[in-house]
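The following exercises concern strand pairing and local contacts. Please examine the model shown below before reading each solution.

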Amino acid sequence: MKVSCLLCFLSATFWFYLMPTTGNKTFQFGPCTISVNVNEIRASFTAIKATIVSTVPCAVDVERPHLREIGSILFKSADRCCIIHHLLRFYIDKVFKHCETEDSHVNRKISSIANSFLSIKKKFRQCHEKNVCDCKEEAIEKYKQILTNYGQLNVTSAAMKSLGELDILLDWMEKIH
Amino acid sequence: MLQMVTTSYFSLFGGILDKDALLPAPQNISILSINMKHFLTWSPVVVPGDPVRYSVEFQGEYERDYANESWIPISECSCIIVTECNVTEDISASVPYNLRVRANQGSRTSKWSTLKGLFNRITTFLTPPVMKVIADGYHLLVELEELGPGFQFHIFYWRKGQEREVHQKTVKEISSVVHLDIMEAGADYCVKAQTYVETINRSSNFSQTQCVGVQGGDQTVLSFPGVLALPFLAWKMSRVFHYSCCPVVVLPDALVIVMGSQNKLLSEHIILALFCLSLPCASAFVGRESAREGSSSPT
């Protein structure tokens, strides 16, 4: 159960280093400068939030004991690039594909978010051709922990829960800026 | 006879006579993308009988590479009669998308017909903004056609003849009219603009340059008070200098009596010299002068 919130917090770092603009926002992840259209992701998410949240069983509860611990890593600029890159891959490889619903409209919005994440991941790939993120042992251990915990859960529920918390990340981002 | 004709038609195009056979697939699939609005179009499937309907699906790079090459139906374009589908909502990330369409008529369906080549919204055609430059008195205004959220306008303006000094203003949200500058009378100002979409980091070509100057009517209205004010100010200034440096002072009654009316002018000049050395006092005498003029004029 901790996983989704860990993911939530990790994902929040997406939005951490934003420039105060209205459309694309620019993040500095270690050596990589990545622009993300946060508004588009928020718009897609807002359209489906109610449906997503309602599909998550109550049993998938929220626990946040490790947030500070994870956060202490994320705030280190050296690890941020590594963690975010891994997190992107995690969402794309494991989360979105299990978020399919019976509602065509919802599936289309999830597709929108997934393709947006993919476009961010591709920007990371371009950056990595020149600059490679250093992944320190602590960051890798945390990521492995996420994967282990995720594997122990009902995949669909965990995936939907992770997706359903996207607005927490966005709100957190807005607060910071 | 009609049946014979339709049969020949099918023999020619597909060689299929079976009622349940496949419909011909839609042809000439293309995407028309202008200003981040994307429309899929195709040629109609012409067959006799009930109207042919069409359904459209899309596939983003995510679906292609990570979700088993799945396709997602666009419900607004499911079983439609028209040969056009607005796919703007679903082409929502800057990755290559594929699109496909198929026809159906009753129980008969066609094969999917797929767009030749992938479509990425970064290739959308951006039109130069529709712009109207307005001179409202001395205010240089520009009116731009609203294109929706996500569109910005880079506006460049300069005084005609001073092309080296180009000013730039970026407008992120259009509120009907944008104020650019205060114009100087007698000069023309020129404006051009381009559309910018931050999402894809691309700009359109520039609009045609439009130039305006301060309008004649407004200029008259604004300068009319100025015409009146200038003589008034000149008169006022002359009075100030007059009071300050060359005050007209009046002799005290006692002196007037002593020196007599013949010597009044001379005595005034003497006292004037004294007052020019003590200006602060001049105004007091000026006040007295005006008070006396009324009473002493008969003498």
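**Exercise 1.** Determine how many bridges join E9(B) to strand E10 of chain B, and place both strands in their sheet.

*Solution.* Step 1: E9(B) and strand E10 (residues 139-144) run antiparallel and are joined by 6 bridges; strands are DSSP runs of at least two residues, numbered from the N terminus, and two strands pair if DSSP finds at least two bridges between them. Step 2: within this pair, B:Met131 lies opposite B:Leu144 of E10(B). Step 3: the open sheet has 3 strands in the order E9-E10-E13 (chain B), with antiparallel pairing. Step 4: strand E9 (131-136) and strand E13 (177-182) of chain B are the edges, each pairing on one side only. Step 5: the average turn between neighbouring strands of this sheet is 25°, direction ignored.

The model is predicted: local features need pLDDT of at least 70 and side-chain atom pairs pLDDT 80 or more, whereas totals for chains, interfaces and linings use all residues. Residues are numbered from 1 along each chain as its sequence is written, chains are lettered from A and ligands numbered from 1 in the order written, and side-chain values use heavy atoms, without hydrogens and water.

**Exercise 2.** Locate B:Thr88 and identify what surrounds it.

*Solution.* Step 1: B:Thr88 belongs to the loop between strand E5 (84-86) and strand E6 (98-105) of chain B. Step 2: beyond its neighbours within four places in sequence, B:Thr88 has contacts (heavy atoms within 4.5 Å) with B:Met36, B:Lys37 and B:His38. Step 3: the side chains of B:Thr88 and B:Asn86 share a polar contact of 2.6 Å, that is, a donor and an acceptor among N or O atoms within 3.5 Å, where residues adjacent in sequence count only if both atoms are side-chain atoms.

Key:
Helices (H or I, at least four residues) and strands (E, at least two) are DSSP runs, numbered from the N terminus. Axes are lines fitted to C-alpha atoms, for helices over the stretch in contact, and angles run from 0 to 180 degrees between N-to-C directions.
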